[in-house]
Amino acid sequence: MPEQCIDITTVQIGHVVGKGGATIKDIQERTGAKVEILKEGPQVKITADDDAQLAATVAEVNKIVENQENPDYEGPEGSRLRAEANALGDKRSKLYDEATKKREGGDHEGANKLVKEGKKAGEEMQARHREAAAAIAKFNNEDKGKGEEYFDMHGLHEDEAMEMLKERVAKLEAKPEGTVTEFEVIPGAGHHSAPGAQKLKGATEAFLKEKGFDYEAVNAGTFMAKIPGTGEAIVSAPEEGDRKKPKVEEAPKADEKPKAEQKPASSEPADKKKPEEAAAKKKDDKAKDADKEDKKKKEKGKSCCACM
């Protein structure tokens with residue numbers, strides 16, 4: 001049976017094997033060849049039934065290795081938009097440099113005109129970067145059949161990646177209380193980043209810690225986090241807008257009467273009300289005293305009659 005071994009790096013082992021062995025299993029099912037990872041080297045050992053099967057399997061493995069060495073993280077649309085954004089950035093810098101020269105030469109009007117053009121180029125650059133980020137995220141996630149429980153951040157700038165990460169996590173947190181989503185987030189290990197630019201992995205881990213999520217690093221560039229559903233509102237979700245929980249009216253306290261039972265206060269002023277009440281009471285007291293006096297006189301008259 002024909003065999004062939006392919007040299008790979010330690011990092012490439014994960015790419016060939018895939019999550020939970022999914023990639024290597026897929027290669028074997030589609031080609032019919034046996035694919036093994038040898039620790040010595042490391043190497044990929046392929047055993048086939050015939051030369052055609054061997055050639056097809058070798059091509060599959062070489063494609064994975066090549067993509068890892070020279071990855072396309074942007075896709076055609078993202079790459080085009082990034083190039084346009086970078087060109088606008090170069091245009092802005094050039095306009096500002098020309099404006100500085102004109103100002104130094106005494107042409108302030110010309111300098112102000114160039115500054116205005118430079119600002120416009122900068123605004124267009126930012127808009128194009130936003131479009132590029134959306135296209136790149138789609139290329140690395142939705143276009144590859146990934147769902148909400150997966151986020152590959154490759155190809156994104158740090159600020160873009162972190163903003164999207166927070167939005168995606170907010171959606172998972174908005175699920176009903178008691179649900180837990182296994183969320184795979186891939187900031188990458190930084191193998192293709194410039195020296196000193198490998199910041200995304202650290203920023204991602206710091207965010208997961210800040211949120212208090214249970215998580216683990218499954219490899220050099222991937223975290224697996226558990227996102228609990230809280231039923232909380234999503235704030236500024238890009239597609240759906242803000243969703244707020246309905247306001248729940250609190251029940252009245254035990255010693256507090258409902259508003260409907262409370263008697264309305266009199267609209268009559270207190271200072272006017274008091275003298276009138278006092279006068280009425282005084283009049284009533286006089287009437288009572290008069291009644292008492294009449295009774296005494298009658299009782300006295302009776303006594304006198306009895307003595308005669």
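# Helix packing and buried sites in a predicted model

Of the protein's 308 residues, 29% count as buried. The model is predicted. It contains 8 helices and 7 strands. Among contacts between residues at least 6 apart in sequence, 63% join residues at least 24 apart.

## Three helix pairs

Two packed helices are described by the angle between their axes and the distance between the axes. The table gives these values for three pairs.

| Pair | Angle | Axis distance | Handedness of crossing |
|---|---|---|---|
| α4 and α5 | about 165° | 7 Å | left-handed |
| α1 and α3 | about 125° | 10 Å | right-handed |
| α5 and α6 | about 60° | 11 Å | right-handed |

Take α4 and α5. Their axes are 7 Å apart and meet at an angle of about 165°. That angle makes α4 roughly antiparallel to α5, because angles over 145 degrees count as roughly antiparallel. By class, the α4–α5 contact has 17 nonpolar, 10 polar and 13 charged residues.

Next come α1, residues 10-17, and α3, residues 51-69. Here the angle is about 125°, with the axes 10 Å apart. That makes α1 oblique to α3. From α1, the contact draws on V11, Q12, H15 and V16. From α3, the partners are I64, V65, Q68 and E69. By class, the contact has 4 nonpolar, 3 polar and 1 charged residues.

The third pair is α5, residues 108-140, with α6, residues 158-173. Their axes lie 11 Å apart at an angle of about 60°. The two helices are therefore oblique to each other. Their crossing is right-handed. On the α5 side, the contact residues are H129, A133, A134 and A137. On the α6 side, they are E160, M164 and R168. These residues divide into 4 nonpolar, 1 polar and 2 charged. An α-helix has 3.6 residues a turn, so residues three or four places apart point the same way.

One further residue of α5 is A127. Is A127 buried, partly exposed or exposed? A127 is partly exposed, because its relative accessible area is 23% and buried means under 20%. The C-alpha atoms of A127 and L81 are separated by 9.8 Å. Along the chain, A127 and L81 are 46 residues apart.

## Helix α6 and its surroundings

Helix α6 has 16 residues. From its first C-alpha to its last it reaches 22 Å, close to the 22 Å expected at 1.5 Å a residue. Which residues of α6 are buried? They are E160, A161, M162, M164, L165, R168, V169, A170, L172 and E173. E160, M164 and R168 also appear in the contact with α5.

What do the buried residues of α6 pack against? The helices are α4 (75-104), α5 and α7 (200-211). The strands are β4 (150-152), β5 (180-186) and β7 (222-228).

T204 sits in α7. It is buried, with a relative accessible area of 0%. Neighbours within four places in sequence aside, T204 is in contact with M153, M162, L165, V185, P187 and F223. Of these partners, M162 and L165 are among the buried residues of α6.

## I27 in helix α2

I27 is found in α2, residues 22-31. Is I27 buried or exposed? Its relative accessible area is 1%, and buried means under 20%, so I27 is buried. Leaving out residues up to four places away in sequence, I27 touches G32, V35, T57, E60 and I64. I64 belongs to the α3 side of the contact with α1. T57 is 30 residues from I27 along the chain. The C-alpha atoms of I27 and T57 are separated by 7.2 Å.

## A cis peptide bond

Where is the cis bond? It joins G41 and P42, with omega of about -10°. P42 lies in a loop. That loop runs between β2 (34-38) and β3 (43-47).

Technical notes: Residues numbered from 1 in each chain as written. Predicted model: local features only at pLDDT ≥ 70, side-chain atom pairs only at ≥ 80, totals over all residues. Heavy atoms only, no water. Axes fitted to C-alpha atoms, helices over the stretch in contact; angles between N-to-C directions. Helix = DSSP H or I, 4+ residues; strand = E, 2+ residues; numbered from the N terminus. Parallel < 35°, antiparallel > 145°, perpendicular 65-115°, else oblique. Left-handed = near helix turned anticlockwise from the far one by under 90°. Contact = heavy atoms within 4.5 Å. Nonpolar A, V, L, I, M, F, W, Y, C, P; charged D, E, K, R; others polar. Expected span 1.5 Å × (residues − 1). Buried < 20%, exposed > 50% of the residue type's maximum accessible area, 1.4 Å probe, protein only.
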